[in-house]
Amino acid sequence: MRTEQTADAGGRVPAPRPGGRAEARRAAQGKGGGRGRSDGDGPADASAAGGRAAARNSRKPKRNVRKIVAWSVAGVLVVLAGTGGAIYYKLNGNIKSFDPEAVSTDRPPEATADANGNKPVNVLLIGSDSRSGKNSDLGGGDEGGARSDTTILLHVYADHKHAVGISIPRDALVTIPRCKLPNGSWSKEATNQMFNSAFSVGNSESGNPACTQNTVEKLTGIRVDHTIEVNFEGFAAMTEAVDGVDVCLPNDIYEGHLNPNLGKKGKIVLPKGKQKLSGQKALDYVRLRHGIGDESDVGRMKRQQAFLASLMAKVKGEGLSPTTLLPLADAATKSMTVDPGLDSAKKLMDFALSMKSIDLHDVKFLTAPWRYNGPRIDLVHPAVDNLWKTLLADRTIDGQDATGKQDDAPQAPTAAPETTPAAPPPPAAVDTPVKVAVFNGTTATGLAAKAAETLKAAKVTVTGVSTAKNTNKAATTVEYGSGQKANAEKVAALFPGATLVPTSAAGISLVLGKDFAAANAAAAPAAAAPSVPAPLPTEVVNEARSADDDICSNVSYG
């Protein structure tokens, strides 16, 4: 086990430490054919792991899993921006989304748009190593379930000219909130857990991206607007479709480094210096730990950030022909699981287009401030708290305001004061029990909560408040299932102008449109401007990588 060291102000450990998890795993693993798993994945406690250990002991080891990195999604999004509408139907059938009911109801508030209508977007990128489907063919694996070995919180600033990706160490000790399980029940909140065990809650083959999203929101206080999970099948397809990605290594990597069970050094598989990798070789690079630096996950995250930066530069610099676009986007989207807000090719393309003007130099990557805690990692306070506050304030890591404000724009003339109309009478109470789910069908914030107050004042039970799949809805509607028309009419009476829409779904749903947003714009309270956070430690800022940095720099730790 590593001996605890004192971290500096930026949360960095001054020197690498030998031993630790890498040696412990090598000692614990038996000799077996092919590559064995060597990076200590899985939940932090035995209860979360279930019967996985027993299952592993009863199986013959297979080839080691190649970790996928979520940042292949960045390339997918850029690719989708160039596709034509003709392939949307095909891609739409590929994309899977997770259950919106699995998202926590206790969430940070949505970001508020500035006077120009600009608002930041936070996207959670998850790289999973599920063994399901063709993923096992790419790297095998003798363990059931799925893990998330790579998680990046990508903050796209309101000016849509800057972005920063924050890597969250998989072994960081965090609190995992209540999460929905495959059987429909909810887990209990658990403290002092490895961050990557959130994805494993429920022990399903597809993983639990909603639980990871809930955990990130609780950890950071930042609302995650979108979540994208990609497995290594999609990653391999991406790297091959772009004809390889340029990478760099500070030393030769041998067979024994990729497979510690080999028992010998073996042949060189990844030579020192610059090279172009795709498919299996690219997977070997991004999951590499042994034989480089201090053999830690921290160093691996640095290489993953460098790989993503190189992939973005490749896609942005060369572009792709229509012949290549379709198989690339097809294979990648087959490997995606997204939140309901990105569950179509059009939504993915719209998001991609929103980032097309960001220069590579203004895309930064860094790791959340950290320090070793024995074999695990602690996030360093107050440095990490200032990092989250910096993103909430929409300031770049070097302290610049990127809210998209136009301070030199001419001010609109002040409108003449108007007579305030009399407040409308309170809604009449509904005399029979009615249950309604409320959905905000616009991009305006706070509408669903406002409507929920109206419903509760009328003695209507609100079963849930969330964002609708379509956030460009013009008119408010009350959707109702069989036998609910009378109750739906009572709900519609509470929202002047709302129309009734019969559906095949059970129950009643109130979907708010732009008409409701316009009627409540004047009444909406102005959001308090976030305070300017303290500057980030110089050590943290200096460790950041720009997407246009030399591919041989900052690719190892220790």
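Modeller: Let's start with what an axis is: a line fitted to C-alpha atoms, for a helix over the stretch in contact, with angles running from 0 to 180 degrees between N-to-C directions. Keep in mind that this model is predicted.

Biologist: Thanks! How do I read a helix pair with that? At what angle do the axes of helix H8 and helix H10 cross?

Modeller: At roughly 120°, with the axes of H8 (residues 232-241) and H10 (residues 279-287) coming within 8 Å. The crossing of H8 past H10 is right-handed.

Biologist: Which residues make the contact?

Modeller: On the H8 side you will find Phe232, Phe235, Ala236, Thr239 and Glu240, and on the H10 side Gly279, Ala282, Leu283 and Val286. Sorted by class, this contact has six nonpolar, two polar and one charged residues.

Biologist: Next, buried faces. Which residues of helix H16 are buried?

Modeller: The cut-off to remember is that buried means under 20% relative accessible area. In H16 (residues 485-493), Asn487, Ala488, Val491 and Ala492 are buried. Because these residues cover an arc of only 140° around the axis, they sit on the same side of H16.

Biologist: What do the buried residues of H16 pack against?

Modeller: Their partners are one helix, H15 (447-457), and the strands E16 (435-440), E18 (477-480), E19 (499-502) and E20 (508-512).

Biologist: Let's move to charges. How many salt bridges does a search of the whole structure find?

Modeller: Eleven. The idea to carry along is that a side-chain nitrogen of Lys or Arg lies within 4 Å of a carboxyl oxygen of Asp or Glu. Try Glu110 and Arg223, whose side chains meet in a salt bridge at 3.8 Å, N to O. Glu110 is in the loop between strand E1 (96-97) and strand E2 (121-128), and Arg223 is in the loop between helix H7 (209-220) and strand E7 (226-230), so this pair ties together parts that are 113 residues apart in sequence.

Biologist: Is Arg223 buried or exposed?

Modeller: Arg223 counts as buried because its relative accessibility is 16%, while Glu110, at 25%, counts as partly exposed.

Biologist: And how should I read a residue with several charged partners? Which residues are linked with Asp297 in a network of salt bridges?

Modeller: The network joins Asp297 to Arg170, Asp171, Arg289 and Arg300. Take it pair by pair. The side chains of Arg170 and Asp297 form a salt bridge, 3.0 Å from N to O. Since Arg170 lies in the loop between strand E4 (163-167) and strand E5 (173-176) and Asp297 in helix H11 (residues 297-318), the pair ties together parts that are 127 residues apart in sequence. Arg170 is buried at 3% relative accessibility, and Asp297 is buried at 6%.

Biologist: How far apart are the closest N and O atoms of Asp297 and Arg300?

Modeller: They are 2.8 Å apart, in another salt bridge. Here Asp297 and Arg300 both belong to H11, three residues or about one turn of the helix apart. Arg300 is buried, as is Asp297.

Biologist: One last residue, then. Where does Ser167 lie, and what does Ser167 touch?

Modeller: Ser167 lies in strand E4 and counts as buried, at 5% relative accessibility. Leaving out residues up to four places away in sequence, Ser167 touches Thr151, Ile152, Met301, Gln305, Leu366, Thr367 and Ala368. For a backbone distance, look at Leu154, 13 residues away along the chain: the C-alpha atoms of Ser167 and Leu154 are separated by 8.8 Å.

Methods
Residues numbered from 1 in each chain as written. Predicted model: local features only at pLDDT ≥ 70, side-chain atom pairs only at ≥ 80, totals over all residues. Heavy atoms only, no water. Buried < 20%, exposed > 50% of the residue type's maximum accessible area, 1.4 Å probe, protein only. Helix = DSSP H or I, 4+ residues; strand = E, 2+ residues; numbered from the N terminus. Arc of directions from axis to C-beta. Contact = heavy atoms within 4.5 Å. Left-handed = near helix turned anticlockwise from the far one by under 90°. Nonpolar A, V, L, I, M, F, W, Y, C, P; charged D, E, K, R; others polar.
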